[in-house]
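Reader: I am in my first year and should be grateful for a close look at a single part of this model. Please explain each term as it arises.

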Amino acid sequence: MKSNLKRCLMALAFVLVSALSFAQTRVINHIVAEGETLESIAQRYNTSVETITAINPDAAQTIYVGMEVKIPVTIVESGTETVTTQPNNTNTTVQTVNTGVYDDSFTKWDVAYRLAVGYLTKPSGIDYQFAIGAKYSPIQQLYIALMAGYLGAYQFKSDTFTSHLVTIPIEIGGHFKLHNGHYISPYLGFDFNICVKTTYNFDDDGMSSDMKKKMKEWYKDMEKDLQGKLCADFRLGVKYGLNSNCALGISMVVPMNDNEKGLLSSNIYPEICLSTCF
């Protein structure tokens, strides 16, 4: 289990770093002025001659006044370039390519919500979660959400029981704008759940009145024992949204302690959710 969890964390870290790197690519269209060389242009934009010629093969042979040369630059958190230019930089124009940086309606703090349904695999059943809270984005491509709400679990078996828990989901992920204007958000989450009530429904057909009484007392004692138990799980998933306010996601939920395994599922199970995209 620890090995699988480590692989999941490493995979998510790779996705987030790759996506952030992809989102930070911009190009400056530089018009060559009299007296300029590839070396002076590279120095001006804090890059190398090799980088310039890699995307401008013609420039490797010769450059001339008025020639347009594409220069890759870096984007900082605010979405501007870290380019050193002269005060009257009249021979450059900016062209954005393959970028996930966007300033539209960006706020560091926002409301976060989560509506989720999961299929419990062992024992079989369903869980359903409703939570709302706050989202903080230190930069546009990263978010941290803290929520609180309700988590219920219903198991399918002859003697069924329903668990009612207070849930505190914590979610960390990236959010990136695609070329079609939609959004994609890889994320990981941790849920801390506290059991407040467990309801048992057992089949008492054919039982004597004494047996029914004993069974009810036994389930009642078990319910008291489970109240207040802390459960924890880990989730790894991705969300796809048509806009920045709503997204459909899918994740795999990994139980992290014995209480979670007993009250919900002892195995990893799939879950779908409707939530904020970031």
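**A close look at strand S12**

Author: Over residues 92-104, pLDDT stays under 50, pLDDT being the predictor's confidence in each residue, from 0 to 100; for this stretch the model has 41 contacts beyond four places in sequence, a contact meaning heavy atoms within 4.5 Å. This is a predicted model, in which local features need pLDDT of at least 70 and side-chain atom pairs count only at pLDDT 80 or more, while totals for chains, interfaces and linings use all residues. Residues are numbered from 1 along each chain as its sequence is written, and side-chain values use heavy atoms, with hydrogens and water left out.

For the chain as a whole, the mean pLDDT is 78, and 72% of the residues reach 70 or more. Residues 19-23 have a pLDDT below 50, and this stretch has 12 contacts in the model beyond near neighbours in sequence. The chain has 5 helices and 12 strands; these are DSSP runs, helices being H or I over at least four residues and strands E over at least two, numbered from the N terminus. Of the 278 residues, 40% are buried, that is, under 20% relative accessible area, with exposed meaning over 50% and partly exposed in between (1.4 Å probe, protein chains only).

The part chosen is strand S12, residues 269-275, where the side chains alternate. Tyr269, Glu271, Cys273 and Ser275 point to one face and are buried, whereas Pro270, Ile272 and Leu274 point to the other face and are not buried.

Which strands pair with S12? Two strands pair if DSSP finds at least two bridges between them. Strand S4 (residues 109-121) is antiparallel to S12, with 5 bridges, and Gly118 has Glu271 as its bridge partner. Strand S11 (residues 247-255) also runs antiparallel to S12 and is joined to S12 by 7 bridges; here Met252 is partnered with Pro270.

Ile272 of S12 also belongs to a nonpolar surface patch of about 680 Å², together with Val117, Leu178, Ile184, Val238, Tyr240, Leu242 and Ile250. Patches are made of residues with over 30% relative accessible area and no salt bridge, like charges being joined within 9 Å and nonpolar side chains (Val, Leu, Ile, Met, Phe, Trp, Tyr) within 5 Å. A salt bridge is a side-chain nitrogen of Lys or Arg within 4 Å of a carboxyl oxygen of Asp or Glu. Accessible areas come from the Shrake-Rupley method with a 1.4 Å probe; for residues, only the protein chains shown count as cover. One member of the patch, Ile184, lies in strand S9 (residues 183-201) and counts as partly exposed because its relative accessibility is 32%.
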